[in-house]
Amino acid sequence: MGLGRIVLRVSGTVQGVGFRPYVFRLARDMGLTGWVQNTTAGVVIEVEGEEFLAADFIERLKAGAPSASMITGITRSALPPAGYGDFRIIESADEGLFCPVSPDLSVCPECLAELAEPSDRRYLYPFINCTNCGPRYSIVRETPYDRQNTSMSVFPMCPECERQYRDPMDRRFHAEPVACPRCGPGLSFHPDEGADPLKAALRVLKRGGIVALKGLGGFHLVCDALNREAVISLRNRKRKSNKPFALMAGSIDSIKRFCEVSPDEEKLLLGTERPVILLKKRAPVLDAIMVPEEVSPGNSRLGFMLPYTPLHWLLFNHPQGPGFECLVMTSGNLSEEPIVTDNGEAKKVLSAYADAFVFHDRDIYTRVDDSVIRADKGGNKVFIRRARGFVPAVIPLGGGGNCPEVLGAGADLKNTFTLTKGDCAIPSQHIGDMENPKTLLFYEETLEKLKGLYRVKPEAIACDMHPGYFSTRWAMRQDGVAKIPVQHHYAHIASVMAENSSLFTDGRKCIGAAFDGTGYGTDGTLWGGEFLIAGVEGFERAGHIRQFPLPGGEQAVRQPWRVALSLLREACGGNGKAAETAALIARKTGFLKTLGFRDGHLPAEVDMVIDICGKPDFSPLSSGAGRLFDAVSALLGLADINTFEAEAAMRLEALAASGIEESYPFDVVFDRPAVLDFRAAFSGIAGDIIKGRPAGLISARFHNTVACAIARAAIWLSEKTGIKDIALSGGVFQNEYLFERTAGMLAARPDCRVHVNRAVPANDGGVSLGQAYIARERLRNGH
């Protein structure tokens, strides 16, 4: 065969992952000449050589690509031979298109080996990295991903780093953040500026202090997780209510001392993303060292991660360190504000929490929190929070490259936004709760960043229908773009459709069960336990939980005891009977303890709240599934008050006994819409509490009841409509017990196909994907 030359255009996550060095070495090994180049559209490769080698090159290119890369497409064209004399990496080019940016990558084993080797010039250097690991998204300003476009541009390479950067046989060949102690970023310590930063920080932690540590995507507040006094001090200082703290351990073996770790969970812990994994606590063992209850109060799980930067690794492995087994590693921020990234801001904001600070001088261009995940029974990732390690990876939507560009503005709680470009969606990292002004600034700065990186100019903004949402009001203030309101629960189901977009073409629909706390309905009431027949053109409300009053509106969300009284009133059939039952329950559990229930005398607030349940002006109607879990939790004395979102429901799930198959009675009115009625269930729950039945049994029976009701209604709708695809979404399905039981019951039916969120959270963090998908598809179809 003769000499040939081919041009390959490779799209996907192929920048910042060692792809060009890999191509360079592959071409050299095969005796091919030509060049490879980063562009704003991906990577362009020209290879020249014997025609059979050029064809083999493509197969080897795909088979051996770096593990952190993701090739989504390769186009090929042939050209006449050019007579290249060698193979080179040439200067990047701006083609006006976009290339996915790599998420930040955890430190690799090779760099850790050098970090621990006293003879290595990067010994104990906390910013060691190579083409296989290190910062990416958090430091890049614009594409293409080259050093001058990152926060490393202010650190000129020393001759030795420059040599490694230029050497095609070196692991740091074209590693953009490459550095060493001579030329790269460094640490500093406050308040003692002259101290060795790491040694000083370790001394503070050893004596039970709290350190504010600047990491990859922002500051963490750090303390010794096995020092109960330190944990309590941090919780008191941060006023973090009962929200669980994230933990970091030095090794898998350390984690296994405190938690049960399955092979699937171990794989997730060791992945390059290094997320926080929610793991089941081990049962207490006499005289064994345990993580204090104050780390994760009333919860059956601990959130653990492994070190993902060299700096984190050194906290556990410094030769002069105390040898910590695990550390609290919680976000450095004021309550409900974004994580702090700037050194000066950290001093001002975090001084009330921290005894000392470890700063560094590598700027963080994009703040990004730790991702939080659990593994389901099949070993699949279940996102609770999608952020570091996964963002800004794209989600394929199909439809080709000429699709409309839109923005999904997201929800108000657990906000994310989603942009679309070509055939993919680009969800942002976790932003937070939009009621905070600093969160809005974070939202806007991240939006501008991702619009720039991916060259997106939205022609429409999809937003929630709720007129009071901060995200909706922000969307409505934007000029020059169309606004497309998308109902909240429809967006939940649409997020599942987006992840399975190839299934929902040509008018195909699904039955969606959207179960969460609260969302604004098309009828102006509060929805939250919904069955929708949904397609890209719209939806029908085909079923819902029977509505009940929320006494005090938003107050009832924060104070579950109010919802419990409302549902007792519904179950008992009157105010007097509800009060009498409440008193009997309160004598058995801690119900109403926050109101000062003593000696069988109900506080005055009880009669008042029961009374206003019958007054619509003070008690809006709701079908919110999350409120049912809140109410049972309150009745069992687990949580009269939610100190953070879903606390009561999480405590109820943690209590559920295993091996229970019974459920409480409930009714389903099979109509359109179908109505799920849980009054009989709450009557049974009240009776069991009064009889002194175990709380774990009651919790399990309640979970079984809700799962049975969802499955029964979904199966009935499937039989009536002939629709076989069933989508489950909404924050209530982050309850592992409910999710596994419901999905299992539906999957056991040979005529049902169950779809769930895999790429984004089922909670409100996934709403923006659904919004963007619906807006994009409607514009594609000319609506």
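Contact here means heavy atoms within 4.5 Å. The exercises below concern a predicted model.

**Exercise 1.** Determine where Ile545 lies and which residues it touches, leaving out residues up to four places away in sequence.

*Solution.* Begin with the secondary structure: Ile545 belongs to strand β24, residues 538-545. Next, consider accessibility. Buried means under 20% relative accessible area; Ile545 has 2%, so it is buried. Then list the contacts: Ile545 touches Phe515, Gly529, Ser623, Ala625, Leu628, Leu676 and Phe678. Finally, compare sequence with space: Gly624 is 79 residues from Ile545 in sequence, yet their C-alpha atoms are 7.4 Å apart.

**Exercise 2.** Identify the residues of the largest nonpolar core that touch the most other members, and the helix that gives the most to this core.

*Solution.* The core has 73 residues, and those touching the most other members are Phe515, Phe531, Phe591, Leu635, Phe678, Phe682 and Phe702. Helix α21 (residues 695-721) gives the most, with 12 residues. For Phe682, the contacts beyond four places in sequence are Leu567, Ala571, Leu628, Ala631, Val632, Leu635 and Phe702. A second, separate core of 40 residues includes Ala225, Phe258, Cys259 and Phe357.

**Exercise 3.** Explain why helix α5 is described as largely enclosed by the rest of the structure.

*Solution.* Helix α5 spans residues 197-206, and seven of its 10 residues are buried, so the helix is largely enclosed. The buried residues are Pro197, Leu198, Ala200, Ala201, Leu202, Val204 and Leu205. Their packing partners are β6, β7, β8, α9 and β13. At the N-terminal end, Asp196 caps α5, with a side-chain oxygen 3.2 Å from the backbone nitrogen of Leu198. After the helix comes Gly208, with a positive phi near 90 degrees.

Methods
Residues are numbered from 1 along each chain as its sequence is written. This is a predicted model: local features need pLDDT of at least 70, side-chain atom pairs count only at pLDDT 80 or more; totals for chains, interfaces and linings use all residues. Side-chain values use heavy atoms; hydrogens and water are left out. Buried means under 20% relative accessible area, exposed over 50%, partly exposed in between (1.4 Å probe, protein chains only). Helices (H or I, at least four residues) and strands (E, at least two) are DSSP runs, numbered from the N terminus. A polar contact is a pair of N or O atoms within 3.5 Å; within protein, one must be able to donate a hydrogen and the other to accept it, and residues adjacent in sequence count only if both atoms are side-chain atoms. A nonpolar core is a set of buried Ala, Val, Leu, Ile, Met, Phe, Trp, Tyr and Cys residues joined through side-chain atoms within 4.5 Å.
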